[in-house]
Amino acid sequence: MRNTFGTVIFPFVMCVVFWLVCRSKSKGKKVAALIMILTTAVELIAALSLMYFDLRGMLSGICEIAGVSSLGLHFMYTGFRGIFGAVTAFAWFMTALFSYTFMKNDINVIRYDIFNLLTLGATMGIFYAADLFTLFFFFEMMSFTSFMWVAHRQTRTSLYAAGTYLGIAIAGGMAILMGLFIVYERLGTLYFDEMYGHAVALMERGENLGWLYAAAGCMFVGFGAKAGAFPVHVWLPDSYTEAPAPATALLSAVLSKTGIFGILLLTLDVLPTQGGWGAFLLIVGVVTMAAGGIRGVMCGNLKTTLAYSSMSQIGFILTGVGMQSLLAEFLTVSAGAGDASSEKVSEIVTVFGMAVNGTFLHMLNHSLVKLILFMAAGIIFTHVGSYDLNQVRGFGRKKPFLLITFVLAAAGVGGIPLLNGYVSKTLLHESIVEYGALIALMATDSTVIAATPVMIKVSEGLFLFSGGLTVAYMTKLFIVLFIEKNSDKKVQESYDAKKNYMSMLTKVAIGVCALPIPLIGILPNMVAKPIAEYGLVQFGLSALLEHHQENMHYYSMENLSGALISIIVGAIVYLLIVRFWMLGKFFSNKHENGYRELFPTWLNVEKYVYRAVFYRAVPFVLGIVARILDSIVDTIVVLLRKITYRDRALPYELPEGNYITHTIGISMERVRLLYYAVMRKEGYTPKNYAHKFAMKNIDLFENFHIIERSLSFGLFMFCVGLVLTMIYLLVVN
């Protein structure tokens with residue numbers, strides 16, 4: 001399987017095979033789980049084989065499928081695509097191992113697995129897309145199939161969350177489609193390889209880029225929503241909480257990265273070197289990571305805390321994307337101003353490389369740690385039946401494997417030195433610091449750039465503060481699970497007695513995900529750097545950065561100081577917010593009320609802003625507008641009837657019947673009157689033949705109308721039956 005199309009189509013083919021094998025009720029859930037493990041294992045091998053063939057120079061060109069919406073689907077392989085294709089297949093394989101035990105007592109497992117395979121194929125299609133239409137095609141498919149994850153439980157809360165998820169997905173899809181139209185109209189192409197050149201040519205001609213900014217803004221709504229960026233993140237907490245744990249792990253580890261992938265393409269292909277776009281992403285990034293961190297600290301639910309943690313980490317990644325754009329602008333401006341000495345260019349490119357590598361590595365690191373954390377949350381839910389911190393308190397005591405893997409993941413995402421998150425966060429932090437130093441030197445220059453020293457200082461402060469929030473809420477979860485005891489002694493005893501609390505397959509899945517965490521942190525220049533360099537091929541950045549590839553001193557005091565500041569901030573936030581405010585008693589183990597939700601419900605953006613606006617305010621305003629327009633039309637009609645088209649009786653208007661029945665009736669009435677006159681009879685009374693013939697006409701033609709209506713109805717039902725028969729034949733055959 002030496003082409004990307006094979007890895008995309010294989011899950012769809014296996015979906016059909018899975019349905020044919022498992023549709024019989026005699027087939028158990030164990031068979032379905034084994035098929036899922038086998039399918040995802042083959043998909044992982046296929047993705048890794050693509051990477052192997054690429055490294056040997058055996059992959060080239062674009063794979064095309066013609067005839068899809070008259071545009072066709074196009075796939076290509078590059079370093080970034082290959083790595084995240086492999087990460088996608090790896091995540092699905094690990095969660096399939098985990099699901100073998102977790103989903104065995106669940107409902108509608110066959111349906112869940114079918115949509116799981118469909119989502120896998122759609123996600124692979126996104127990462128291997130060679131043009132914007134192909135990406136949009138599979139992005140919309142992924143949004144619908146993953147919607148079934150959220151609605152899987154079919155409870156009131158899960159359906160509510162699924163409704164929000166689908167609503168945001170549909171709105172985001174429409175926004176992406178609008179942006180796609182604008183990009184094609186302005187650049188004349190949807191191929192990623194060609195968009196960059198066309199956009200640069202547009203800028204060199206000095207044309208207005210307003211429409212490109214409008215297109216990027218539209219598509220950011222859709223891609224940013226999937227990533228969980230503020231303010232289109234409102235679907236994320238409820239959806240992550242209500243979806244089954246394996247699905248939540250995939251939502252956080254992989255599907256959020258599809259949104260980041262789209263934003264990266266916009267940044268580097270549609271609006272290259274545009275610092276205004278970079279400043280926008282930087283602001284969105286720091287707000288997202290701070291807002292997610294604050295909500296994570298104030299949350300009293302294990303899974304919801306992890307959901308807001310995902311939102312916060314997406315903010316770190318968006319910050320890196322914004323820094324890439326700002327540094328690209330800075331490099332262009334410096335070259336245009338004649339300030340492009342070799343040392344200057346090398347320094348700027350080095351900082352740019354920090355932002356690129358930091359963004360890429362944090363995407364990868366976040367995927368690894370969230371697979372572990374959400375699978376761990378699923379294990380806890382299996383035994384406790386709740387994600388409430390007061391209920392799960394003390395569950396992790398006397399469980400060394402869970403303790404070690406959870407600490408590795410929690411400390412890794414917290415940016416603790418010697419673990420993977422420290423490497424990527426150090427790169428991102430240093431890119432901000434070094435960029436601030438570079439633009440400070442240009443403070444007296446007349447050249448205008450998008451970011452100001454004050455903006456960069458504030459961004460750095462929020463970056464370190466958000467890192468501290470990550471440490472605080474991960475410390476909260478660690479102490480709840482592994483240090484504190486449950487308030488109910490019998491419950492705690494039952495927790496301590498659980499020795500076989502996870503299956504061997506689950507241990508394998510979590511353990512394999514945990515292995516790279518210390519490996520990347522301890523040997524960053526040997527492990528993380530080659531991976532990042534291979535991924536740079538995605539955007540053609542390897543040639544630009546090839547002369548800056550010296551090893552970075554991650555554990556110098558200067559770099560360690562950033563992590564130390566975040567750790568100190570995290571400790572202060574944990575003591576003040578969690579111990580003092582959330583628990584109500586400072587440094588006390590006797591908490592009568594336990595952990596409670598601190599964030600006020602009236603600040604729920606999804607419920608009191610989005611739903612209030614789109615479900616109430618917008619329909620109300622549009623209803624008023626429609627009523628006004630309707631009244632205007634009625635007024636015009638009445639005015640015209642009184643002035644121009646005056647109402648008057650029609651001289652030829654008949655009270656009943658038609659012209660023929662009326663003529664025959666009147667004629668017969670006159671003949672009868674003539675007969676009475678000739679015969680000189682008295683007592684003539686009108687027989688009203690016109691009315692009688694009119695009634696006979698109605699009776700006669702009503703029968704024909706009944707027959708006609710019956711025939712139409714019969715033909716309609718025949719068509720419906722024919723359509724259903726064709727659908728059945730297509731499904732069966």
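Me: What makes phenylalanine 599 a residue of a loop, and which helices lie on either side of that loop?

Reply: In this predicted model, phenylalanine 599 sits in the loop between α23 and α24, and α24 covers residues 605–643. Helix α23 runs over residues 557–582, so the number 599 falls in neither of the two DSSP runs that count as helices here.

Me: How do you know which residues phenylalanine 599 is in contact with, once its neighbours within four places in sequence are left aside?

Reply: A contact needs heavy atoms within 4.5 Å, and, with those neighbours set aside, phenylalanine 599 is in contact with Arg295 and Met298. In the same part of the model, the C-alpha atoms of phenylalanine 599 and cysteine 299 are 7.1 Å apart in space, although the two residues are 300 apart in sequence.

Me: Why does arginine 153 count as partly exposed?

Reply: Its relative accessibility is 23%, and because buried means under 20% and exposed means over 50%, this value lies between the two cut-offs and arginine 153 is called partly exposed. The residue is found in the loop between α5 and α6, where it touches Phe102, Asp106, Ile107, Ser158, Glu242 and Pro244, not counting residues up to four places away in sequence. Alanine 243 is 90 residues away along the chain, yet its C-alpha atom is separated from that of arginine 153 by 7.5 Å.

Me: What makes α5 roughly antiparallel to α6?

Reply: Two packed helices are described by the angle between their axes and by the distance between the axes. For α5 and α6 the angle is about 175° and the axes are 9 Å apart. Angles over 145 degrees count as roughly antiparallel, so α5 is placed in that class relative to α6. Among the residues that make this contact are Phe133, Phe136 and Phe139 of α5, together with Ala161, Ala162 and Tyr165 of α6. Sorted by class, the contact has 15 nonpolar, four polar and one charged residues.

Me: Why is α1 called roughly antiparallel to α4?

Reply: Helix α1, which spans residues 4–22, packs against α4 at an angle of about 170°, with their axes 7 Å apart. Because this angle is over 145 degrees, α1 counts as roughly antiparallel to α4. Phe12, Phe18 and Trp19 are among the residues that α1 brings to the contact, while α4 contributes residues including Ile114, Leu117 and Leu118. By class, the residues of this contact divide into 15 nonpolar, three polar and one charged.

Me: What makes asparagine 108 and threonine 273 worth a careful look at their phi angles?

Reply: Asparagine 108 has a positive phi of about 50° although it is not a glycine, and threonine 273, which is not a glycine either, has a positive phi of about 60°. Asparagine 108 lies in the loop between α3 and α4, and threonine 273 in the loop between α10 and α11.

Me: Why do asparagine 108, threonine 273 and asparagine 688 have the exposure class they have?

Reply: The relative accessible area of asparagine 108 is 35%, and the relative accessibility is 26% for threonine 273 and 45% for asparagine 688. Each of these values lies between the cut-offs of 20% and 50%, so asparagine 108, threonine 273 and asparagine 688 are called partly exposed. Asparagine 688 belongs to the loop between α25 and α26, and its C-alpha atom is 9.3 Å from that of methionine 668, which is 20 residues away along the chain.

Me: Where is proline 231 found, and what is the peptide bond from phenylalanine 230 to proline 231 called?

Reply: Proline 231 is in the loop between α8 and α9, and the bond that leads to it from phenylalanine 230 is cis, with omega near 5°.

Me: What lines the largest cavity, and how do its residues divide?

Reply: The model has four cavities of 30 Å³ or more, and the largest cavity holds about 140 Å³ of space. Of its 14 lining residues, the closest to the centre are Lys425, Phe463, Gly562, Ala563 and Ser566. Helices α16, α17 and α23 are the elements that give two or more residues to this lining, which divides into five nonpolar, eight polar and one charged.

Notes
Residues numbered from 1 in each chain as written. Predicted model: local features only at pLDDT ≥ 70, side-chain atom pairs only at ≥ 80, totals over all residues. Heavy atoms only, no water. Helix = DSSP H or I, 4+ residues; strand = E, 2+ residues; numbered from the N terminus. Buried < 20%, exposed > 50% of the residue type's maximum accessible area, 1.4 Å probe, protein only. Axes fitted to C-alpha atoms, helices over the stretch in contact; angles between N-to-C directions. Parallel < 35°, antiparallel > 145°, perpendicular 65-115°, else oblique. Nonpolar A, V, L, I, M, F, W, Y, C, P; charged D, E, K, R; others polar. 1 Å grid on protein atoms, 1.4 Å probe; cavity = no way out; pocket = protein on both sides within 12 Å on 5 of 7 lines; lining within 4 Å. Points joined across faces, edges and corners; volume = space filled by probe spheres on them.
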